[in-house]
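Work through the following exercises with the coordinates open beside you, and compare each solution with what you find.

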Amino acid sequence: MKFVISRDALLKPLNLVAGVVERRHTLPILSNVMLVLEGNQLSITGTDLEVELVGRVALEQMPAAGGEITVPARKLADICKSLPDGSDIEFTVADDRVTVRAGRSRFSLSAIAAADFPNVEQSPGSQQFVVKQGDLKRLIDRTSFAMAQQDVRYYLNGMLWEVNAGHLRMVATDGHRLAMCTLEAPIDAAEQMQVILPRKGVIELSRLLINEDQEVEVVIGSNHIRATTADFTFTSKLVDGKFPDYDRVLPKQSTKAIFGSRDDLRQAFSRTAILSNEKYRGVRLLLSDGSLKIIANNPEQEEAEEIVNVDYAGEALEIGFNVSYLLDVLAVLSGDTVKLSLSDANSSALLEESEQGDSRYVVMPMRL
């Protein structure tokens, strides 16, 4: 196996694939990336046994000899980063060594045979569709912040993908808040399909969706999901579990609708958050005709107060929330005006764009 590739062409797919590779692993080969050369196409594969990523790059020069080998991911990526822009890199494989040359630099890396490299097992795909990368990334960006991080309810440490005829919906919740976004898409589905993509898979896939107008093909099977573009193939195992019935969480009978400037509210919440309790992050909302008063205090007896003009006419209400949850929602909503729907001090709040939006957010109240 021997070939020449430009540093700039190799660096982007190598960095993406190396991001999947775990730094510490019991199996040495899982610290490696697999290089496979067929014709003039080089494939670079990394995996942690849960997520697998294959990056592809076409060589400008026809290679001397094809083949396959695995090399340490981080070391190879660091070598490529350190080389000058525009340099050409020559790879030569002999026995269990890979020699990397560029200009007057030479590196000899230990290698492991590609035959030992594990593959993420794939089941036959039962649902397939094509959407634009920008649309899929928007779904992920609008919901991923609400995923749980290390919850014992393992099915919350990921994101629900719900496929229906004509639309794709993503839902995430950590038990205290819920985020949901729906995309109208040309999907031909005979029946509804729900799968849970694990947290790491969500984050890695989002990193890859950088060409907004280009398409991505998604195939969902019983235990895996695969996304393919011209530049990469991403595969992830699915979480084996049942996601909560999110429809039951959505407030249906809200009696109070408040409309306010998204930017004004975001700035007011940001300022009051400074003096909120660092652990619980609670703020009190005091709602009255035409105004919303936001109050935060902490164990040091410090207090912050903000008053924001809102479009509301009705009875007064006092309710507490985790200010970080409200700020997360206001950061992803678009449009000038946000709609906040409430019933009473013990009921969840529903936040959405005041115009016809595709996203809905539920935040549970706090006792303060």
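**Exercise 1.** Which residues does the UniProt annotation "domain: DNA polymerase III beta sliding clamp central" cover?

Solution. The UniProt annotation, from an unreviewed entry, covers residues 131–245; UniProt positions are given in the numbering used here, feature names are shortened, and annotations may be inferred rather than shown by experiment. The model is predicted, so local features need pLDDT of at least 70 and side-chain atom pairs count only at pLDDT 80 or more, while totals for chains, interfaces and linings use all residues. Residues are numbered from 1 along each chain as its sequence is written, and side-chain values use heavy atoms, with hydrogens and water left out.

**Exercise 2.** Describe the secondary structure content of residues 131–245.

Solution. Over this span the chain is 18% helix and 42% strand, where helices (H or I, at least four residues) and strands (E, at least two) are DSSP runs numbered from the N terminus. The end C-alpha atoms of the span are 26 Å apart.

**Exercise 3.** Determine the strand order of the open sheet of 4 strands, and explain what distinguishes its edges.

Solution. First, the order is β1-β6-β7-β8 with antiparallel pairing, two strands being paired if DSSP finds at least two bridges between them. Next, β1 (2–6) and β8 (105–110) each have a single partner strand, so one side of each is left without a neighbour in the sheet. Finally, 5 bridges join β1 to β6 (residues 88–94), and among the residues of β6, aspartate 88 is the bridge partner of serine 6.
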